[in-house]
Amino acid sequence: MPNPPKLIEKIEEHIKTHLTKHRCEHVLSVRDQAVKLANRHNINSNQAELAALLHDSLKEVPSNELLQYSKEQEFLMDKYEEKNIGLLHGKLAPFFAKNQFGIDDEAVNNAMRKHTTGTADMGPVDKVLFVADFCEPLRRHTEASAVRTLAEHDLDAAAFEVIKHKIRENLSKNRIIHPDSFKAYNAMAQNCTEGNLQ
Ligand SMILES: [Fe+2]
Ligand SMILES: [Fe+2]
């Protein structure tokens, strides 16, 4: 059984009227990619679809409003989120999904919370969104298409490539890296390569 069509229509309508064209196209493309990956790897595609459609709902909300929203929802920021308010858009997405659409599914919520940084304990839906957000076909860079191909047969290996890319990108720009990204990297390295500390 797919997600209720009326609910999906409502979310799509919201996306189309509240996000810029560019972001809206990205979100719809992440949805298609996430559903495709979920189906391919026998993962719940309804949860993947909802997480994908809602993951960037707050991405374009100005910092001061995000801060206000986090106070209203009594969300406790960590010190990295305090310094990089942009990280909040994923962490607050579950509150938005519940308040706006009555969606309260822990698998959907976790995928949205983890989609920017990754975490050490990523489940199947988390990985689907993490990978789909990076490799949806509108992302034109070469790494995206390599990950898209890899994800067709190995979702774990694809997620490992995504976290490595994100960490490298942050390093190259001298940005602070959220510890959850390092934890995600270590967990995936252990899984994918049986990596040992050198
Ligand atoms: Fe995002
Ligand atoms: Fe995104």
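The following paragraphs lead through a predicted model, from its nonpolar core to a helix pair and then to some loop residues. Residues are numbered from 1 along each chain as its sequence is written, and chains are lettered from A, with ligands numbered from 1, in the order in which they are written. Because this is a predicted model, local features need pLDDT of at least 70 and side-chain atom pairs count only at pLDDT 80 or more, while totals for chains, interfaces and linings use all residues.

We begin with the core. The largest nonpolar core (a set of buried Ala, Val, Leu, Ile, Met, Phe, Trp, Tyr and Cys residues joined through C-beta atoms within 7 Å) has 42 residues, and the members that touch the most others are Ala34, Ala51, Leu129, Val131 and Ala159. Here a residue is buried if 20 or more other C-beta atoms lie within 10 Å of its own, exposed if 12 or fewer, and partly exposed in between, with C-beta atoms placed from the backbone. Among the elements that give two or more residues to this core are α2 (21-40), α9 (124-135) and α11 (155-172), where helices are DSSP runs of H or I with at least four residues, numbered from the N terminus. The largest share, eight residues, comes from α9.

Next comes the pair α9 and α11. Their axes (lines fitted to C-alpha atoms over the stretch in contact, with angles from 0 to 180 degrees between N-to-C directions) are 9 Å apart and meet at an angle of about 55 degrees. The two helices are therefore oblique to each other, since angles under 35 degrees count as roughly parallel, over 145 as roughly antiparallel, 65 to 115 as roughly perpendicular and the rest as oblique. On the α9 side the contact (C-beta atoms, placed from the backbone, within 7 Å) is made by Lys127, Phe130, Val131 and Phe134, and on the α11 side by Leu155, Ala158, Ala159 and Val162. Leaving aside residues up to four places away in sequence, Val131 also touches Leu37, Val147 and Ala151.

The loops come last. Glu74, in the loop between α4 (63-72) and α5 (79-83), has a positive phi of about 55 degrees although it is not a glycine, and Glu74 counts as exposed because it has 7 C-beta neighbours inside 10 Å. Asn174, in the loop between α11 and α12, is likewise not a glycine and has a positive phi of about 55 degrees; with 6 C-beta neighbours inside 10 Å, Asn174 counts as exposed. Asp105, by contrast, lies in the loop between α7 and α8 and counts as partly exposed because it has 17 such neighbours inside 10 Å.

Notes. Contact = placed C-beta atoms within 7 Å.
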